[in-house]
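Pull up the model and have a look around with me. We'll take it one piece at a time.

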Amino acid sequence: MKKILIVNGPNLNLLGTREPEIYGKLTLNEIETKLKSLAQDLKIEIECFQSNHEGEIVDKICGAQNIFNGIIINPAAYTHTSVAIRDAISAVKIPTIEVHISNIYSRDEFRHNSFIAPVSIGQISGLGLDGYLFALEYFSR
Ligand code: DQA
């Protein structure tokens with residue numbers, strides 16, 4: 001059975017109450033519940049991980065080697081700053097899809113650059129919860 005790691009970065013633990021006009025009203029827990037239900041239908045095993053700490057995210061990605069077949073990551077603010085997360089994805093060579101709830105290209109200019117996109121197989125930005133679901137569906141093929 002395929003195993004997919006789903007990683008959410010800083011402040012995504014506040015989903016539901018954090019700027020709902022941008023990020024919607026679903027909590028991270030609700031998003032993870034929907035992902036688990038889809039994973040069951042697709043017969044995929046998933047593990048969900050959230051951290052506000054860059055090093056913990058790096059550790060999780062490094063530890064995914066030889067365990068997970070794919071990674072879905074919303075690196076949140078670290079998207080625009082983290083060479084360390086980019087290098088971890090590059091190092092483990094696990095196919096990774098970058099997901100953003102909001103459309104990072106229609107927002108502040110500093111959000112237009114992603115350190116993660118060049119080491120990802122693809123990026124989904126602006127489709128809300130569906131971005132995570134589409135990424136999981138992709139890995140089921
Ligand atoms: C985000 C977009 C980032 O620019 C921002 O820092 C986030 C969330 C998104 O999902 O839309 O925290 O990754």
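What follows is a short walk through confidence, a helix pair, one residue in a strand and two loop residues.

Before anything else, keep in mind that this is a predicted model. How sure is the predictor? The chain averages a pLDDT of 98, and 100% of the residues score at least 70. Within the chain, confidence is lowest in helix H1 (residues 20-23), where the mean is 97, and highest in S3, at 99.

Now for the helices. Two packed helices are described by the angle between their axes and the distance between the axes. For helix H3 (residues 54-62) and H4, the axes come within 9 Å and cross at roughly 5°. Angles under 35 degrees count as roughly parallel, so H3 and H4 are roughly parallel to each other. On the H3 side, the contact is made by Glu54, Ile57, Val58, Ile61 and Cys62; H4 brings Ala84, Ile85, Ala88, Ile89 and Val92. Sort those residues by class and you get 9 nonpolar, no polar and 1 charged.

One of those H4 residues, Ile89, also turns up in the surroundings of threonine 96. Threonine 96 sits in strand S4. Is it buried or exposed? Its relative accessible area is 0%, so threonine 96 is buried. Setting aside neighbours within four places in sequence, threonine 96 is in contact with Ile71, Ile73, Ile89, Ser120, Ile121, Gly122 and Phe139. Closer along the chain, the side chain of threonine 96 reaches the backbone oxygen of isoleucine 94 at 2.8 Å. Then there is isoleucine 4: 92 residues separate it from threonine 96 in sequence, yet C-alpha to C-alpha the two are 9.6 Å apart in space.

Finally, check the backbone angles at two loop residues. Alanine 76 belongs to the loop between strand S3 (70-74) and helix H4 (83-92). Its phi is near 50°, a positive value in a residue other than glycine. Lysine 93 lies past the other end of that helix, in the loop between H4 and strand S4 (96-100). Lysine 93 is not a glycine either, and has a positive phi of about 55°.

How do these two fare for exposure? Buried means under 20% relative accessible area and exposed means over 50%. Alanine 76 has 12% relative accessibility, so it counts as buried. Lysine 93, at 71%, therefore counts as exposed.

Notes
Residues numbered from 1 in each chain as written. Predicted model: local features only at pLDDT ≥ 70, side-chain atom pairs only at ≥ 80, totals over all residues. Heavy atoms only, no water. Helix = DSSP H or I, 4+ residues; strand = E, 2+ residues; numbered from the N terminus. Buried < 20%, exposed > 50% of the residue type's maximum accessible area, 1.4 Å probe, protein only. Axes fitted to C-alpha atoms, helices over the stretch in contact; angles between N-to-C directions. Parallel < 35°, antiparallel > 145°, perpendicular 65-115°, else oblique. Contact = heavy atoms within 4.5 Å. Nonpolar A, V, L, I, M, F, W, Y, C, P; charged D, E, K, R; others polar. pLDDT = per-residue confidence, 0-100. Polar contact = N/O pair within 3.5 Å; in protein donor to acceptor, adjacent residues only side chain to side chain.
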